[in-house]
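Let's take a walk through this fold, helix by helix and ring by ring. Keep the viewer open as you read.

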Amino acid sequence: MSDRQTHFGFQTVDEDEKAGMVHGVFSRVASRYDVMNDLMSAGIHRIWKNAMMDWLAPRNGQRLLDVAGGTGDIAFRFLDRAPGAEVTVCDMTESMLVEGRKRAEAERLADSLSWVTGDAMALPFADNSFDRYTISFGIRNVTRIPDALAEAFRVLRPGGRLMVLEFSQLPVPAMQWAYDRYSFNVIPALGQMVANDRDSYQYLVESIRRFPDQDAFAALIGEAGFERVQYRNMSMGIAALHSGWKL
């Protein structure tokens, strides 16, 4: 048992237990993950991911590491815009990677794609290996966020760029209250109907509320060594895009 504790949704758990609990959540929801993303966001997550690509501006010849990207959404978008790039998808949950490899794009882009099981806090890659690092709706599930950001910094080459898409906080309290009512009352019920799994989606909603707000997370990125740290709110702050450079 660890002496250090962290949160799993609204629960307090030992740090050495959280990774296994998160792994269990994503193993259970993997087969319905993309469908549930569409239902939970009314498809708006696709607009956010396209905005991520607009800001990231993929280029041929770049090497991208997409962490917690098991179903391939970011990888496929990156390669659609830069067919001459190379992408490595890294996810701690093998069943998520299996779902990604099943998609039609995976076969079409197979020569440019690799799939690796790994932990964001201890990436199985050498220093200075990638030009770009992305993580989309994954970093809030990491046990120690500063460790994951430090690993992102380590594996990026000088001049490399980090980009994070994550749920965030609405700046107007009344709007946040209304969004909370939707999240806690609708999303777990959708999870029960579509994936027969209310508890996993209850955790995912709770994990959003425990994640740092935009300014606090931007500060963590800076503390990891990144410079020119910026963020852009998506849909008034329901989600946010964060960018930082290894200079």
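At what angle do helix H7 and helix H10 pack, and how far apart are their axes? This is a predicted model, and in it H7 (residues 145-155) and H10 (residues 214-223) pack at an angle of about 50°, with their axes 9 Å apart. H7 and H10 are therefore oblique to each other. Their crossing is right-handed.

**Helix packing**

Another helix pair to look at is H3 and H4. Helix H3 covers residues 44-56 and packs on H4 at an angle of about 45°, the axes lying 10 Å apart. That makes H3 oblique to H4. As with the other pair, check the hand: H3 passes H4 in a right-handed crossing. Here are the two pairs in one place.

| Helix pair | Angle between axes | Distance between axes |
|---|---|---|
| H3 and H4 | about 45° | 10 Å |
| H7 and H10 | about 50° | 9 Å |

**Which way the helices face**

Stay with H10 for a moment. Its buried residues are Gln-214, Phe-217, Ala-218 and Ile-221. Seen down the axis of H10, they fall within an arc of 105°, so they line one face of the helix. Turn H10 round, and the face pointing away from that buried side carries the exposed residues Asp-215 and Glu-223.

Now try H5, which spans residues 94-102. Which residues of H5 are buried? They are Met-96, Leu-97, Glu-99 and Gly-100. The buried residues of H5 cover an arc of only 155° around the axis, which puts them on the same side of the helix.

**Rings and charges**

Next, the aromatics. How many aromatic pairs does a search of the whole structure find? The answer is 8. One of these is formed by Phe-76 and Trp-115, which meet edge-to-face, with 6.3 Å from centre to centre and 65° between the planes. This pair links distant parts of the chain: Phe-76 belongs to helix H4 (residues 73-81) and Trp-115 to strand S5 (residues 113-117), 39 residues apart. Both Phe-76 and Trp-115 are buried. Elsewhere, ring pairs join Trp-48, Phe-137 and Phe-167 into a cluster.

A couple of rings also have a basic side chain for company. The charged end of Arg-232 sits over the ring of Trp-55, 3.8 Å from its centre. Lys-246, in turn, lies over the face of Phe-153, at 4.9 Å from the ring centre.

**Loops and odd backbones**

Two residues are worth a look for their backbone angles. Ala-57 has a phi near 50°, a positive value in a residue other than glycine. You'll find Ala-57 in the loop between H3 and strand S3 (63-67). Is Ala-57 buried, partly exposed or exposed? With a relative accessible area of 26%, Ala-57 is partly exposed.

Arg-228 also has a phi near 50°, again positive in a residue other than glycine. Arg-228, though, lies in a strand, S8 (residues 227-234). At 54% relative accessibility, Arg-228 counts as exposed, because the cut-off for that word is over 50%.

**Contacts across the sequence**

Some residues come together in space from separate places in the chain. Take Ile-47, in helix H3. Its relative accessible area is 56%, so Ile-47 is exposed. How far apart are the C-alpha atoms of Ile-47 and Met-234? They are separated by 9.1 Å, although the two residues are 187 residues apart along the chain.

Phe-125 sits in the loop between S5 and strand S6 (130-136). Loop or not, Phe-125 is buried, with a relative accessible area of 16%. From C-alpha to C-alpha, Phe-125 and Arg-154 are 9.3 Å apart in space, with their places 29 residues apart in sequence.

Finally, look for Pro-188 in helix H8 (residues 173-195). What is the relative accessibility of Pro-188? It is 0%, so Pro-188 counts as buried. Pro-188 and Arg-198 are 10 residues apart in sequence, and their C-alpha atoms are 4.9 Å apart in space.

Conventions
Residues numbered from 1 in each chain as written. Predicted model: local features only at pLDDT ≥ 70, side-chain atom pairs only at ≥ 80, totals over all residues. Heavy atoms only, no water. Buried < 20%, exposed > 50% of the residue type's maximum accessible area, 1.4 Å probe, protein only. Helix = DSSP H or I, 4+ residues; strand = E, 2+ residues; numbered from the N terminus. Arc of directions from axis to C-beta. Phe/Tyr/Trp six-rings, centres within 6.5 Å; stacked < 30°, edge-to-face > 60°. Lys NZ or Arg CZ within 6 Å of the ring centre and 35° of its normal. Axes fitted to C-alpha atoms, helices over the stretch in contact; angles between N-to-C directions. Parallel < 35°, antiparallel > 145°, perpendicular 65-115°, else oblique. Left-handed = near helix turned anticlockwise from the far one by under 90°.
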